[in-house]
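Colleague: Please take a close look at the interface between the two chains, and put the ring pairs and salt bridges beside it. A connected account would suit me better than a list.

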Amino acid sequence: MVAAIVFWGLAVVAVAAGVAVFVVDSMARATYALALSFIAVGALIILLQQSYLGVITILMMVMEMAVMAVYMVMFMGMNPALMPMDMTHGKKTAIGASAGVFVLLASGALLIPWPERRGVPAEDITNALGLEIMGEKMLVMAVVGPVMVATIVSGVVLAAGRTRYDRLGDDLRRRPADDPQPGGVGR
Amino acid sequence: MSLEVVLLVAAALFAVGLYGALSQQVVVMVMMGLELMVNGVLLAAAGFWWFMAPAPSGQVLLLVVLAAMTVEMAMGFAVATLLHRRRQTDMTDMAEDLSR
(Lines give C-alpha, C1' and ligand atoms only; values in the text may rest on other atoms or scores of the structure.)
Protein backbone atom coordinates (compact mmCIF):
# COMPACT_ATOMS: atom_id res chain seq x y z
CA MET A 1 0.00 0.00 0.00
CA VAL A 2 2.74 2.46 1.01
CA ALA A 3 4.78 1.41 -2.04
CA ALA A 4 1.78 2.10 -4.30
CA ILE A 5 1.24 5.57 -2.81
CA VAL A 6 4.95 6.40 -3.16
CA PHE A 7 4.91 5.06 -6.72
CA TRP A 8 1.94 7.20 -7.76
CA GLY A 9 3.39 10.27 -6.06
CA LEU A 10 6.71 9.86 -7.89
CA ALA A 11 4.96 9.06 -11.18
CA VAL A 12 2.88 12.25 -10.99
CA VAL A 13 5.98 14.31 -10.12
CA ALA A 14 7.98 12.74 -12.99
CA VAL A 15 5.32 13.42 -15.64
CA ALA A 16 4.26 16.83 -14.27
CA ALA A 17 7.89 18.00 -14.12
CA GLY A 18 8.38 16.65 -17.65
CA VAL A 19 5.42 18.70 -18.88
CA ALA A 20 6.69 21.74 -16.95
CA VAL A 21 9.94 21.63 -18.97
CA PHE A 22 8.01 22.87 -22.01
CA VAL A 23 5.47 25.03 -20.20
CA VAL A 24 7.60 27.26 -17.95
CA ASP A 25 8.75 30.48 -19.55
CA SER A 26 12.47 30.36 -18.76
CA MET A 27 15.17 27.88 -19.68
CA ALA A 28 16.59 27.87 -16.13
CA ARG A 29 13.25 26.74 -14.72
CA ALA A 30 12.95 24.19 -17.53
CA THR A 31 16.34 22.77 -16.50
CA TYR A 32 15.28 22.47 -12.86
CA ALA A 33 12.01 20.83 -13.93
CA LEU A 34 13.90 18.27 -16.02
CA ALA A 35 16.24 17.57 -13.09
CA LEU A 36 13.17 16.99 -10.88
CA SER A 37 11.69 14.61 -13.44
CA PHE A 38 14.94 12.63 -13.52
CA ILE A 39 15.14 12.53 -9.72
CA ALA A 40 11.57 11.16 -9.60
CA VAL A 41 12.38 8.50 -12.23
CA GLY A 42 15.59 7.62 -10.36
CA ALA A 43 13.50 7.18 -7.19
CA LEU A 44 11.03 5.01 -9.13
CA ILE A 45 13.94 2.82 -10.27
CA ILE A 46 15.08 2.57 -6.63
CA LEU A 47 11.50 1.59 -5.75
CA LEU A 48 11.83 -1.21 -8.31
CA GLN A 49 14.76 -2.49 -6.20
CA GLN A 50 17.51 -1.33 -8.57
CA SER A 51 19.14 0.98 -6.08
CA TYR A 52 22.53 1.26 -7.81
CA LEU A 53 21.04 2.24 -11.18
CA GLY A 54 18.55 4.59 -9.53
CA VAL A 55 21.28 6.40 -7.61
CA ILE A 56 23.56 6.79 -10.64
CA THR A 57 20.59 8.07 -12.67
CA ILE A 58 19.95 10.76 -10.05
CA LEU A 59 23.63 11.71 -9.60
CA MET A 60 24.37 11.75 -13.32
CA MET A 61 21.30 13.75 -14.29
CA VAL A 62 21.65 16.34 -11.52
CA MET A 63 25.24 16.96 -12.65
CA GLU A 64 24.13 17.07 -16.27
CA MET A 65 21.47 19.65 -15.49
CA ALA A 66 24.06 21.74 -13.62
CA VAL A 67 26.24 21.65 -16.77
CA MET A 68 23.18 22.62 -18.80
CA ALA A 69 22.52 25.65 -16.58
CA VAL A 70 26.15 26.82 -16.97
CA TYR A 71 25.83 26.24 -20.69
CA MET A 72 22.79 28.49 -20.93
CA VAL A 73 24.48 31.28 -19.01
CA MET A 74 27.44 30.96 -21.43
CA PHE A 75 25.49 31.07 -24.67
CA MET A 76 22.16 32.73 -24.12
CA GLY A 77 23.71 36.09 -23.28
CA MET A 78 20.90 36.92 -20.86
CA ASN A 79 19.61 36.00 -17.45
CA PRO A 80 17.72 32.84 -18.32
CA ALA A 81 15.72 32.97 -15.10
CA LEU A 82 14.26 36.38 -15.90
CA MET A 83 13.89 36.37 -19.66
CA PRO A 84 10.56 34.85 -20.71
CA MET A 85 10.64 32.93 -23.95
CA ASP A 86 8.45 30.99 -26.31
CA MET A 87 10.57 29.55 -29.06
CA THR A 88 8.52 26.81 -30.67
CA HIS A 89 7.49 25.76 -34.14
CA GLY A 90 4.93 23.30 -35.51
CA LYS A 91 3.19 23.07 -32.15
CA LYS A 92 0.00 21.45 -33.47
CA THR A 93 1.91 18.77 -35.41
CA ALA A 94 4.05 18.06 -32.33
CA ILE A 95 0.99 17.77 -30.06
CA GLY A 96 -0.72 15.48 -32.58
CA ALA A 97 2.35 13.26 -33.00
CA SER A 98 3.02 12.96 -29.27
CA ALA A 99 -0.66 12.28 -28.47
CA GLY A 100 -0.72 9.60 -31.18
CA VAL A 101 2.44 7.97 -29.85
CA PHE A 102 1.07 8.06 -26.30
CA VAL A 103 -2.21 6.41 -27.36
CA LEU A 104 -0.27 3.75 -29.28
CA LEU A 105 2.12 2.99 -26.40
CA ALA A 106 -0.59 3.19 -23.73
CA SER A 107 -2.92 0.84 -25.64
CA GLY A 108 -0.01 -1.57 -26.04
CA ALA A 109 0.70 -1.38 -22.31
CA LEU A 110 -2.95 -1.89 -21.37
CA LEU A 111 -4.18 -4.35 -24.01
CA ILE A 112 -1.32 -6.85 -24.05
CA PRO A 113 -2.04 -9.64 -21.55
CA TRP A 114 1.20 -9.38 -19.60
CA PRO A 115 2.02 -12.52 -17.62
CA GLU A 116 2.14 -12.45 -13.84
CA ARG A 117 5.38 -11.37 -12.25
CA ARG A 118 7.89 -14.14 -12.73
CA GLY A 119 11.40 -14.89 -11.55
CA VAL A 120 13.07 -13.77 -8.37
CA PRO A 121 15.82 -11.16 -8.32
CA ALA A 122 19.19 -12.02 -6.83
CA GLU A 123 19.57 -11.49 -3.10
CA ASP A 124 22.13 -8.71 -3.57
CA ILE A 125 21.06 -7.09 -6.84
CA THR A 126 23.99 -4.64 -7.09
CA ASN A 127 26.51 -7.38 -6.41
CA ALA A 128 24.87 -9.56 -9.08
CA LEU A 129 25.09 -6.68 -11.58
CA GLY A 130 28.78 -6.20 -10.77
CA LEU A 131 29.49 -9.89 -11.27
CA GLU A 132 27.54 -9.83 -14.55
CA ILE A 133 29.41 -6.90 -16.10
CA MET A 134 32.74 -8.28 -14.93
CA GLY A 135 31.80 -11.74 -16.21
CA GLU A 136 29.41 -12.77 -18.97
CA LYS A 137 28.48 -9.24 -20.09
CA MET A 138 32.01 -7.85 -20.05
CA LEU A 139 31.86 -7.37 -23.84
CA VAL A 140 29.05 -4.83 -23.36
CA MET A 141 31.14 -2.77 -20.97
CA ALA A 142 34.22 -3.25 -23.14
CA VAL A 143 32.26 -1.62 -25.99
CA VAL A 144 30.71 1.12 -23.85
CA GLY A 145 34.18 2.19 -22.64
CA PRO A 146 35.64 2.97 -26.12
CA VAL A 147 32.33 4.62 -27.12
CA MET A 148 32.72 6.97 -24.15
CA VAL A 149 36.33 7.74 -25.13
CA ALA A 150 35.23 8.36 -28.74
CA THR A 151 32.52 10.70 -27.40
CA ILE A 152 35.08 12.68 -25.41
CA VAL A 153 37.42 12.99 -28.40
CA SER A 154 34.71 13.92 -30.92
CA GLY A 155 33.08 16.29 -28.43
CA VAL A 156 36.35 18.15 -27.94
CA VAL A 157 37.08 18.21 -31.70
CA LEU A 158 33.61 19.66 -32.42
CA ALA A 159 33.52 22.13 -29.54
CA ALA A 160 37.11 23.41 -29.52
CA GLY A 161 37.60 26.77 -31.22
CA ARG A 162 40.92 25.82 -32.70
CA THR A 163 42.07 22.25 -33.05
CA ARG A 164 45.10 20.60 -34.66
CA TYR A 165 43.34 20.95 -38.02
CA ASP A 166 43.18 24.71 -37.63
CA ARG A 167 46.71 25.20 -36.37
CA LEU A 168 48.67 28.08 -37.71
CA GLY A 169 51.77 26.13 -38.72
CA ASP A 170 54.67 25.30 -36.44
CA ASP A 171 54.78 28.83 -35.09
CA LEU A 172 51.69 29.24 -32.96
CA ARG A 173 52.06 33.04 -32.95
CA ARG A 174 51.58 33.32 -36.68
CA ARG A 175 48.42 34.96 -37.94
CA PRO A 176 45.78 32.53 -39.28
CA ALA A 177 45.43 31.89 -43.01
CA ASP A 178 42.70 33.90 -44.71
CA ASP A 179 41.21 30.94 -46.56
CA PRO A 180 37.55 30.61 -47.52
CA GLN A 181 37.58 27.24 -45.74
CA PRO A 182 39.22 27.08 -42.32
CA GLY A 183 41.87 24.46 -41.69
CA GLY A 184 44.84 25.82 -43.66
CA VAL A 185 48.25 26.62 -42.19
CA GLY A 186 49.33 30.15 -41.46
CA ARG A 187 51.29 32.44 -43.77
CA MET B 1 1.95 -1.15 -8.77
CA SER B 2 1.92 -3.29 -11.90
CA LEU B 3 3.80 -3.49 -15.18
CA GLU B 4 0.90 -1.80 -17.02
CA VAL B 5 1.07 1.23 -14.76
CA VAL B 6 4.86 1.53 -15.03
CA LEU B 7 4.63 1.31 -18.83
CA LEU B 8 1.84 3.90 -18.85
CA VAL B 9 4.01 6.39 -16.91
CA ALA B 10 6.94 5.60 -19.22
CA ALA B 11 4.70 6.18 -22.27
CA ALA B 12 3.61 9.55 -20.85
CA LEU B 13 7.25 10.60 -20.33
CA PHE B 14 8.15 9.45 -23.85
CA ALA B 15 5.21 11.34 -25.40
CA VAL B 16 6.01 14.56 -23.51
CA GLY B 17 9.64 14.28 -24.61
CA LEU B 18 8.58 13.69 -28.22
CA TYR B 19 6.45 16.84 -28.10
CA GLY B 20 9.49 18.81 -26.89
CA ALA B 21 11.86 17.32 -29.44
CA LEU B 22 9.47 18.17 -32.30
CA SER B 23 8.23 21.57 -31.19
CA GLN B 24 11.21 23.37 -29.66
CA GLN B 25 13.47 25.66 -31.64
CA VAL B 26 16.36 26.04 -29.22
CA VAL B 27 18.88 23.20 -29.58
CA VAL B 28 19.23 22.79 -25.80
CA MET B 29 15.45 22.46 -25.43
CA VAL B 30 15.37 19.83 -28.19
CA MET B 31 18.02 17.95 -26.22
CA MET B 32 15.82 18.19 -23.13
CA GLY B 33 13.00 16.57 -25.12
CA LEU B 34 15.29 13.74 -26.23
CA GLU B 35 16.44 13.26 -22.63
CA LEU B 36 12.83 12.93 -21.48
CA MET B 37 12.20 10.30 -24.15
CA VAL B 38 15.23 8.29 -22.98
CA ASN B 39 13.98 8.82 -19.41
CA GLY B 40 10.77 7.01 -20.39
CA VAL B 41 12.75 4.19 -22.03
CA LEU B 42 14.82 3.86 -18.83
CA LEU B 43 11.71 3.55 -16.66
CA ALA B 44 10.10 1.03 -19.04
CA ALA B 45 13.30 -1.07 -19.04
CA ALA B 46 13.41 -0.97 -15.23
CA GLY B 47 9.75 -2.06 -15.11
CA PHE B 48 10.31 -4.91 -17.56
CA TRP B 49 13.30 -6.03 -15.53
CA TRP B 50 11.37 -6.06 -12.25
CA PHE B 51 8.19 -7.70 -13.52
CA MET B 52 9.34 -9.96 -16.35
CA ALA B 53 12.98 -10.98 -16.02
CA PRO B 54 14.76 -10.00 -12.81
CA ALA B 55 18.05 -11.53 -13.96
CA PRO B 56 21.23 -9.44 -13.61
CA SER B 57 21.71 -9.26 -17.40
CA GLY B 58 18.57 -7.11 -17.65
CA GLN B 59 20.25 -4.44 -15.54
CA VAL B 60 23.10 -4.29 -18.06
CA LEU B 61 20.54 -3.02 -20.59
CA LEU B 62 19.72 -0.14 -18.24
CA LEU B 63 23.42 0.68 -17.97
CA VAL B 64 23.62 0.80 -21.78
CA VAL B 65 20.59 3.15 -21.92
CA LEU B 66 22.29 5.41 -19.34
CA ALA B 67 25.48 5.40 -21.42
CA ALA B 68 23.47 6.29 -24.55
CA MET B 69 21.93 9.18 -22.64
CA THR B 70 25.38 10.49 -21.71
CA VAL B 71 26.67 10.21 -25.27
CA GLU B 72 23.59 12.00 -26.63
CA MET B 73 23.99 14.86 -24.19
CA ALA B 74 27.77 15.27 -24.68
CA MET B 75 27.50 15.26 -28.49
CA GLY B 76 24.50 17.59 -28.36
CA PHE B 77 26.43 20.13 -26.28
CA ALA B 78 29.41 19.85 -28.63
CA VAL B 79 27.28 20.37 -31.75
CA ALA B 80 25.45 23.29 -30.12
CA THR B 81 28.81 24.87 -29.22
CA LEU B 82 29.99 24.48 -32.82
CA LEU B 83 26.72 25.95 -34.10
CA HIS B 84 27.05 28.91 -31.77
CA ARG B 85 30.66 29.49 -32.78
CA ARG B 86 30.07 29.29 -36.53
CA ARG B 87 26.64 30.93 -36.85
CA GLN B 88 26.11 32.79 -33.57
CA THR B 89 22.83 30.99 -33.04
CA ASP B 90 21.31 28.25 -30.93
CA MET B 91 18.18 27.69 -32.99
CA THR B 92 17.43 24.58 -35.04
CA ASP B 93 15.86 26.72 -37.80
CA MET B 94 19.29 28.20 -38.49
CA ALA B 95 20.81 24.74 -39.01
CA GLU B 96 18.45 23.13 -41.48
CA ASP B 97 20.99 22.82 -44.30
CA LEU B 98 20.47 19.08 -44.64
CA SER B 99 16.67 19.44 -44.92
CA ARG B 100 16.93 21.29 -48.23
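Modeller: In this predicted model, chain A brings 78 residues into contact with 67 residues of chain B. Between them the two chains bury about 6,700 Å², and 79% of that area is on carbon and sulfur atoms. Within chain A, the residues that lose the most area to chain B are A:Phe22, A:Leu48 and A:Tyr71, which together make up 11% of what that side buries.

The side of chain A that touches chain B draws two or more residues from each of α1 (2–21), α2 (27–47), α3 (51–76), α4 (91–111), α5 (125–133) and α6 (138–159) of chain A. Of these, α3(A) gives the most, with twelve residues. Sorted by class, this side of chain A has 57 nonpolar, 14 polar and seven charged residues.

As for specific polar pairing, the count of salt bridges between chain A and chain B is zero. Polar contacts do cross the interface of chain A and chain B: the rule finds five residue pairs, with both residues at pLDDT 80 or more.

An aromatic pair also spans the two chains. Such a pair is described by the distance of the ring centres and the angle of the planes. For A:Phe22 and B:Tyr19 the centres are 6.0 Å apart and the planes stand at 85 degrees, so the pair is edge-to-face. A:Phe22 sits in the loop between α1 and α2 of chain A, while B:Tyr19 belongs to helix α1 (residues 3–23) of chain B, so the pair joins two chains. Both partners fall under the 20% cut-off for buried residues: A:Phe22 counts as buried because its relative accessibility is 12%, and B:Tyr19 is buried with a relative accessible area of 14%. A:Phe22 is thus a residue to view twice, as a partner in this pair and as one of those in chain A that lose the most area to chain B.

Over all chains the structure holds four aromatic pairs. Another of them is formed by A:Phe7 and A:Trp8, which is edge-to-face at 5.8 Å centre to centre, with 80 degrees between the planes. The two rings of that pair differ in exposure: A:Phe7 counts as buried at 1% relative accessibility, whereas A:Trp8 is partly exposed, with a relative accessible area of 45%.

That leaves the salt bridges. The structure holds two over all chains, and they link A:Glu132, A:Glu136 and A:Lys137 in a network. A:Lys137 forms one bridge with A:Glu132, where the closest N and O atoms are 3.5 Å apart. The bridge from A:Lys137 to A:Glu136 has its closest N and O atoms 3.9 Å apart, and it counts because the cut-off is 4 Å. The members of this network vary in exposure. A:Glu132 counts as buried at 14% relative accessibility, A:Lys137 as partly exposed at 23%, and A:Glu136 as exposed at 70%.

To return to the interface itself, chain A and chain B share zero salt bridges, five residue pairs in polar contact, and a buried area that is 79% on carbon and sulfur atoms.

How values were computed:
Residues are numbered from 1 along each chain as its sequence is written. Chains are lettered from A and ligands numbered from 1 in the order in which they are written. This is a predicted model: local features need pLDDT of at least 70, side-chain atom pairs count only at pLDDT 80 or more; totals for chains, interfaces and linings use all residues. Side-chain values use heavy atoms; hydrogens and water are left out. A salt bridge is a side-chain nitrogen of Lys or Arg within 4 Å of a carboxyl oxygen of Asp or Glu. Buried means under 20% relative accessible area, exposed over 50%, partly exposed in between (1.4 Å probe, protein chains only). Contact means heavy atoms within 4.5 Å. Buried area is the accessible area (1.4 Å probe) that two parts lose on being put together, summed over both. A polar contact is a pair of N or O atoms within 3.5 Å; within protein, one must be able to donate a hydrogen and the other to accept it, and residues adjacent in sequence count only if both atoms are side-chain atoms. Helices (H or I, at least four residues) and strands (E, at least two) are DSSP runs, numbered from the N terminus. Ala, Val, Leu, Ile, Met, Phe, Trp, Tyr, Cys and Pro count as nonpolar, Asp, Glu, Lys and Arg as charged, and the others, Gly among them, as polar. Rings of Phe, Tyr and Trp (its six-membered ring) pair if their centres lie within 6.5 Å; planes under 30 degrees apart count as stacked, over 60 as edge-to-face and the rest as tilted.
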